[in-house]
Amino acid sequence: MGDTVRVAVTGAAGRMGRELLDVAADRDDVEVVLAVNRSPVDPVAGVDVREAGDLSGHLGETDPDVLVDFTGPDSSVDYVAACTEMGVAVVVGTTGFDEDGRAALDDAAESVPLLHATNFSRGIAALRRAVREAVAALPDYDVELTETHHNGKRDAPSGTANTLLDDIDDVRGEAGRVYGREGDQPRSEGEIGVHARRAGGVTGEHEVLLADDHQTLSLTHRAGSRGVFAAGALDAAVWLSGRDAGRYDFEEVLDA
Ligand SMILES: NC(=O)C1=CN([C@@H]2O[C@H](COP(=O)(O)OP(=O)(O)OC[C@H]3O[C@@H](n4cnc5c(N)ncnc54)[C@H](OP(=O)(O)O)[C@@H]3O)[C@@H](O)[C@H]2O)C=CC1
Ligand SMILES: O=C(O)C1=N[C@H](C(=O)O)C[C@H](O)C1
């Protein structure tokens, strides 16, 4: 096995940050050398957490190989900028970027290795392949996408839902997306209905439903815990460490 990869974690007190620190503590291929959070917090999983204010300074002091970011779109853009300044590779799990945010990630990938994925579970990678195949095999079927998440999630629809919608567009050509329906709103041919539910502590569920007048096919993924996302993001960090600057996909990590 290669050297231990030195990892920095932003959003360390968030749901995903905590999970990353927990999962990292049980692995011997990564070492968390820096954990930061916007607001001050007590140690997480035995790791001291610094205030994020001067991230470049913290990166310079601790010299991580890769930063793993699960925060919010605005902070993520700022943290990625600190990584480009300091020459640190970055794994981004944050979702909800607007066009400017996505462009900022593209720009950063010209200076450092950058891997952004809206979902770090192997199951979703398999769901994406299954959905592409089903949509290609059933070209005239109506498609509806439903995602369900915990009541603390901010962005809607989820990043994974948007990725699945882009996958469907790649196969079928760009379709009109209808976000929820209300009132007199019959379905138009070819549109894709998109539904975001927020309830309780649901970790993350995505269903793609295909139907014609005679058959329905439902493809569903349910994440049982955030551990699957944390493990995938750390696998990505190990894979990304030492690579050339550029934009990479989680699929490349899974195929390695
Ligand atoms: N790609 C994937 O596989 C997955 C992606 N995600 C995505 O990860 C992100 C985080 O999710 P989750 O952990 O549930 O969120 P939480 O709300 O639990 O945690 C967010 C963390 O980010 C910090 N943060 C948020 N906004 C800012 C800001 N403007 N400036 C500085 N810090 C900020 C918070 O700091 P503070 O404590 O100070 O508020 C907190 O530490 C979301 O975009 C989510 O969609 C989640 C799961 C899997
Ligand atoms: O916020 C979450 O929790 C999740 N966010 C990601 C998304 O927006 O797709 C991935 C996962 O579904 C959990």
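This is a guided tour of the structure above, stop by stop, with a selection to make at each one.

**Before you start**

The model is predicted, so keep its filters in mind: local features need pLDDT of at least 70, side-chain atom pairs count only at pLDDT 80 or more, and totals for chains, interfaces and linings use all residues. Residues are numbered from 1 along each chain as its sequence is written, while chains are lettered from A and ligands numbered from 1 in the order in which they are written.

**Stop 1: the two domains**

Colour residues 5-120 + 226-255 as domain 1 and 122-222 as domain 2; such bounds come from an automatic or database domain assignment. The C-alpha centres of the two domains lie 28 Å apart. Where they meet, nine residues of domain 1 are in contact with 11 residues of domain 2 (contact means C-beta atoms, placed from the backbone, within 7 Å). Now select helix 8, residues 250-255: this helix gives three residues, the largest share of the domain 1 side. Helices (H or I, at least four residues) and strands (E, at least two) are DSSP runs, numbered from the N terminus. By class, that side of domain 1 has two nonpolar, five polar and two charged residues. Here Ala, Val, Leu, Ile, Met, Phe, Trp, Tyr, Cys and Pro count as nonpolar, Asp, Glu, Lys and Arg as charged, and the others, Gly among them, as polar.

**Stop 2: the nonpolar core**

Next, select Val-66, Val-90, Ala-236 and Ala-237, the residues with the most contacts inside the largest nonpolar core, which has 71 residues. A nonpolar core is a set of buried Ala, Val, Leu, Ile, Met, Phe, Trp, Tyr and Cys residues joined through C-beta atoms within 7 Å. Helix 7, at residues 227-240, gives 11 residues, the largest share of this core. At least three core residues come from each of domain 1 and domain 2. To look around Val-90, show Val-66, Leu-67, Asp-69, Val-80, Cys-83, Val-112 and Leu-114, which Val-90 touches when residues up to four places away in sequence are not counted.

**Stop 3: ligand 1**

Move to ligand 1, which is surrounded by 27 residues; the closest are Gly-11, Gly-14, Arg-38, Gly-72 and Ser-75. A residue counts as near a molecule if its C-beta atom, placed from the backbone, lies within 6 Å of it. The shell divides into seven nonpolar, 16 polar and four charged residues. Helix 1 (15-25) and helix 3 (73-86) each supply at least two of them, and helix 1 gives the largest share, three residues. Both domains take part here, with at least three residues from each.

Zoom in on Arg-38, where UniProt places a "binding site" feature (unreviewed entry). UniProt positions are given in the numbering used here, feature names are shortened, and annotations may be inferred rather than shown by experiment. Arg-38 sits in the loop between strand 2 (30-37) and strand 3 (50-51). Beyond its sequence neighbours up to four places away, Arg-38 touches Ala-52 and Ser-75. Arg-38 is partly exposed because 16 other C-beta atoms lie within 10 Å. The scale is this: buried at 20 or more other C-beta atoms within 10 Å, exposed at 12 or fewer, partly exposed in between, with C-beta atoms placed from the backbone.

**Stop 4: ligand 2**

Now select ligand 2 with Thr-95, Thr-118, Asn-119, His-149, Lys-153, Ser-158, Gly-159, Thr-160 and Gly-204 around it. This shell has no nonpolar, eight polar and one charged residue. Ligand 2 lies between domain 1 and domain 2, because both give residues to its shell.

Which of these residues does the UniProt "active site" annotation (unreviewed entry) cover? It covers His-149 and Lys-153. His-149 is in strand 7, residues 142-149, and is buried, with 25 other C-beta atoms within 10 Å. Lys-153 is in the loop between strand 7 and helix 6 and is partly exposed, with 17.

**Stop 5: the start of helix 6**

Finally, show His-150, Gly-159 and Thr-160, covered by the UniProt "binding site" annotation (unreviewed entry). Gly-159 is in helix 6, residues 159-172, and Thr-160 is in helix 6 too. Is each one buried or partly exposed? Gly-159 is partly exposed, with 19 other C-beta atoms within 10 Å, whereas Thr-160 is buried, with 24. Leaving aside neighbours within four places in sequence, Gly-159 is in contact with Thr-95, Gly-96, Thr-118 and Asn-119, and Thr-160 with Thr-118, Asn-119, Ile-124, Glu-147 and His-206.

Methods. Contact = placed C-beta atoms within 7 Å.
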